[in-house]
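Here's a short set of exercises to work through with the model open in your viewer. Try each one before reading on to the solution.

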Amino acid sequence: MGERFPRGAIEQSIAQRFGQACAQDPQRVAVLTRDAAFSYREIDQWANAIAASLLDRLGRGSEPVPLLGAQGPWAIATTLGILKAGKFYVALDPSWTIGRVCELLAQVSARIVVADGEFAPLLREQLGSGLVFEPAPYEPGASVEPLASVVQVAPNQPAYLYFTSGSTGTPKGVIDCHRNVLHNVMRYTNALEIDRDDRLTLMQSVGFSGAV
C-alpha cells in the first residue's frame, strides 16, 4: 500500500491540501459535533466567505490575524479562512484573561482580531468595534468563489503564531509555515496509518498548539 499522505503533498499551502480533500468527496462529513455536522464543501464555503471578508478589510499580503473563540466548527472554518486569505493566524486561548489577550495583541500589532459571538463583545469594549471582526455563521446554500486564483500562498509562508506559556518569563511567539505543518501531518498520518474511515477527536483549546 502506498503512503496515505505523499511527501510531495507538503509543497503547497494548507488550504490547497484541504481543497484536494474537498474535491475528492465534497459531501463527506468533515466536522461532527453533538449538535451539527458539516461536510467538506460546507466548511470550504464557510471559510471562503470568511476569507473574502478579511480581504475586503485588509487587502492582500501576509500578516497576523489573531483568533479568539471556542473550539469547534467555527474555529476550524475561521482558521481555514484566515489561511485562504493569505494571512497567518495568531491562536489566543479563551481561558486567558482579557488583559493578557490585549497584551499579546499589542505584541503582534494586528490590524484586526477575529472573535466569535462570545468574545467579540468583550474585545469591542477593550479595543473598539473597528478592530474586531465577528464572522457570520455558516449560511446554507451560500456560494463564494474560491480565492486560489486571487491569493497565492507559498509553502514557506507563515501559517500560525502560537505563544509560549510564559512560565519562564514573558510569553514568546513561535511561528511555523505551511510546509512544516503539512510535514507534521504527513508523518502523523503515515506513521499511524490514518485513512478516510478514521476519526480524530479535537479536545484541545484553539490556543494550544496541539490543536494544529
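**Exercise 1. What share of the 212 residues counts as buried, and how does the radius of gyration fit a compact globule?**

Solution. Start with burial: 44% of the protein's 212 residues count as buried. Keep in mind that this is a predicted model.

Next, size. A compact globule of 212 residues would have a radius of gyration near 17 Å, and the protein has 17 Å, so the two agree. For the extents, the C-alpha trace spans about 55 × 45 × 35 Å along its principal axes.

Last, contact range. Take the contacts between residues at least 6 apart in sequence: 65% of them join residues at least 24 apart.

**Exercise 2. How many helices and strands are there, and in what pattern do they follow along the sequence?**

Solution. Count first: the protein has 6 helices and 8 strands. Then read along the sequence, and you get α-β-β-α-β-α-β-α-β-α-β-β-β-α.

**Exercise 3. At what angle do α2 and α3 pack, and which residues meet?**

Solution. Step one is the geometry. Helix α2 covers residues 40–58 and helix α3 covers residues 73–84; they pack at an angle of about 55°, with axes 7 Å apart.

Step two is naming that arrangement. Angles from 35 to 65 degrees fall outside the parallel and perpendicular classes, and α2 and α3 are therefore oblique to each other. As for handedness, α2 passes α3 in a right-handed crossing.

Step three is the contact itself. On the α2 side you'll find Ile-43, Asp-44, Trp-46, Ala-47, Asn-48, Ile-50, Ala-51 and Leu-54; they meet Pro-73, Trp-74, Ile-76, Ala-77, Thr-78, Leu-80, Gly-81, Ile-82 and Lys-84 of α3. Sorted by class, this contact of α2 with α3 has 12 nonpolar, 3 polar and 2 charged residues.

**Exercise 4. Is the crossing of α1 and α2 left-handed or right-handed, and which residues make the contact?**

Solution. Geometry again: helix α1 (residues 14–24) and α2 have axes that come within 9 Å and cross at roughly 140°. Only angles over 145 degrees count as roughly antiparallel, and α1 and α2 are therefore oblique to each other.

The handedness comes next: α1 passes α2 in a left-handed crossing. Phe-18, Ala-21 and Cys-22 of α1 make the contact with Tyr-40, Arg-41, Ile-43 and Asp-44 of α2. By class, that gives 5 nonpolar, no polar and 2 charged residues for α1 with α2.

Now compare with Exercise 3. Ile-43 and Asp-44 are among the α2 residues that contact α1, and they are also among the α2 residues that meet α3.

**Exercise 5. How do α4 and α5 pack, and where does Ile-98 come in?**

Solution. Helix α4 (residues 98–108) and helix α5 (residues 120–127) pack at about 65°, their axes 11 Å apart. Their crossing is right-handed.

The residues that meet are Ile-98, Val-101, Cys-102 and Leu-105 from α4 and Leu-122, Leu-123, Gln-126 and Leu-127 from α5. They divide into 7 nonpolar, 1 polar and no charged.

Zoom in on Ile-98, which sits in helix α4. Its relative accessible area is 30%, so Ile-98 is partly exposed. Setting aside neighbours within four places in sequence, Ile-98 is in contact with Leu-122, Leu-123 and Gln-126. Each of these is listed on the α5 side of the helix contact.

**Exercise 6. Are Val-206 and Lys-172 buried or exposed, and what does each one contact?**

Solution. Take Val-206 to begin with. It lies in the segment after α6 (178–191). The cut-off for buried is under 20% relative accessible area; Val-206 has 6%, so it is buried. Beyond neighbours within four places in sequence, Val-206 is in contact with Leu-67, Gly-69, Ala-70, Gln-71, Ala-75, Ala-91, Tyr-162 and Ala-211.

Now Lys-172, in the loop between β7 (158–163) and β8 (173–177). The cut-off for exposed is over 50%; Lys-172 is at 51%, so it counts as exposed. With neighbours within four places left aside, Lys-172 contacts Tyr-162, Phe-163 and Thr-164.

As a final check on distance, Lys-172 and Gln-107 are 65 residues apart in sequence and 9.5 Å apart in space, C-alpha to C-alpha.

Notes. Residues are numbered from 1 along each chain as its sequence is written. This is a predicted model: local features need pLDDT of at least 70, side-chain atom pairs count only at pLDDT 80 or more; totals for chains, interfaces and linings use all residues. Side-chain values use heavy atoms; hydrogens and water are left out. Axes are lines fitted to C-alpha atoms, for helices over the stretch in contact, and angles run from 0 to 180 degrees between N-to-C directions. Helices (H or I, at least four residues) and strands (E, at least two) are DSSP runs, numbered from the N terminus. Angles under 35 degrees count as roughly parallel, over 145 as roughly antiparallel, 65 to 115 as roughly perpendicular and the rest as oblique. A crossing is left-handed if the near helix is turned anticlockwise from the far one by less than a right angle, and right-handed if clockwise. Contact means heavy atoms within 4.5 Å. Ala, Val, Leu, Ile, Met, Phe, Trp, Tyr, Cys and Pro count as nonpolar, Asp, Glu, Lys and Arg as charged, and the others, Gly among them, as polar. The radius of gyration is taken over C-alpha atoms; the globule rule is 2.2 Å times the number of residues to the power 0.38. Buried means under 20% relative accessible area, exposed over 50%, partly exposed in between (1.4 Å probe, protein chains only).
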